[in-house]
Amino acid sequence: MIELLMEICLADRPDACARHLLPGPCVEQRALDWVAARPGLTLRDSSCDPAGLSALPVTEVAPGVFVHEGRQELASPENAGDEANIGFVIGEEAVAVIDAGGSRQVAEGLHAAIRARTELPIRWLVLTHMHPDHTFGTEFFREAGAQVIGHARLPNALANRAESYTEAAERTMGPLIARAAAIVPPEETVAETRDLDLGGRVLRLEAWPTAHTDNDLTVRDLATDTWFMGDLVFDRQTPSMDGSVLGWLDLLGDLSGQPAARIVPGHGAAALPWPEGADATRGYFSALVEETRESLASGESLGAAAPRLGKDLRGDWLLFDAFNARNATAIYRELEWE
Ligand SMILES: [Zn+2]
């Protein structure tokens, strides 16, 4: 898929590849419009192999509930932001997608995985929170006809970060992939709960107080008792804290009292048992909070504490160096005010 995008920018005529980059009817004209709206991008006549455009691999974690495991990597041109776990649920009348992936290509791959299993309309795209590895593919699903739904605080959160997310996408994945994506606000928001009826099964959306971010939303498939946690739960990959560590620990404590057959974490395995699946995330933050309180009590400065805090946990987590120091800094600042 990357090769395909590389080709697009290099020449001057629309080609067959365009139809594979955009879903739905009238793709050729929409592809032209889409490229025209993006300075620096042109299409060229090239031979592209549609068979090379493959569906993302997905696991059916419960009947009708599919999850794609994102890679445990930082965003790069090679992985096109395929970092987060994303999924879909098929009802008798419609499909709902949970999180859009980190680029248009990832969204396209998930779309292909859906279409390999059902022709039912994709009625909703539910965004579990603002982070770009979960939201950058949103525009693709909106074009495919999905209504985009998120937490009541998601529109503001995205608006405040659109510029920095776009810059980061260009830096990490390159301009081609970054420019093909767009920050798109949800059309509908949830302040507390909202049920989506897919025909024969209902998804329950619940908006939570500040934890991983200030706009975390979970999705529970009532038919199979499968709970999409978004980034409230990390597996194997170091969690990243962009909200409130105390809020996050409180929320996981509360949620662990609610039974579920399984959860889908935001990163790591496609499904985990509940509530044990959150133990590692809770353990990581509990340890960091304890260490940080000791550091603050001893009068250690943030500059001295941030590179040191949590170091003993390094062996337990992937991408530790990419996230831990930032977590330590955020937690130090939060606990400073206790
Ligand atoms: Zn996140």
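**Talking through the predicted model**

Colleague: What share of the contacts in the chain is long-range, joining residues at least 24 apart?

Modeller: Of contacts between residues at least 6 apart in sequence, 68% join residues at least 24 apart. Two residues are in contact if their C-beta atoms, placed from the backbone, lie within 7 Å. Bear in mind that this is a predicted model, where local features need pLDDT of at least 70, side-chain atom pairs count only at pLDDT 80 or more, and totals for chains, interfaces and linings use all residues. Numbering starts from 1 along each chain as its sequence is written.

Colleague: How many helices and strands are in the chain?

Modeller: There are 12 helices and 12 strands. Both are DSSP runs, numbered from the N terminus: H or I with at least four residues for helices, E with at least two for strands.

Colleague: Why does the span of helix α12 agree with its number of residues?

Modeller: The expected span is 1.5 Å times one less than the number of residues. For the 17 residues of α12 (residues 320-336) that should be 24 Å, and the end C-alpha atoms are 23 Å apart, so the two agree.

Colleague: Which residues of α12 are buried?

Modeller: Asn324, Asn327, Ala328, Ile331 and Tyr332. Buried means 20 or more other C-beta atoms within 10 Å of the residue's own (exposed is 12 or fewer, partly exposed in between), with C-beta atoms placed from the backbone. Seen down the axis, they fall within an arc of 135 degrees, so they line one face of the helix. That arc is taken over the directions from the helix axis to the C-beta atoms. They pack against α9 (245-255), α10 (279-297) and α11 (302-305).

Colleague: What makes strand β3 largely enclosed?

Modeller: Five of the five residues of β3 (residues 86-90) are buried, so the rest of the structure largely encloses the strand. Ile86, Phe88 and Ile90 cover one side, Gly87 and Val89 the other.

Colleague: Why say that β3 pairs with β2?

Modeller: Pairing takes at least two bridges found by DSSP. Four bridges join β2 (residues 65-68) to β3, so they pair, running antiparallel. Phe66 stands opposite Phe88 there. Four bridges also join β3 to β4 (residues 95-98), again antiparallel, and those two form a hairpin with four residues between them.

Colleague: Which are the edge strands of the open sheet β8-β9-β10-β11-β12?

Modeller: The sheet has five strands with mixed pairing. β8 (193-197) and β12 (262-267) are the edges, as each pairs on one side only.
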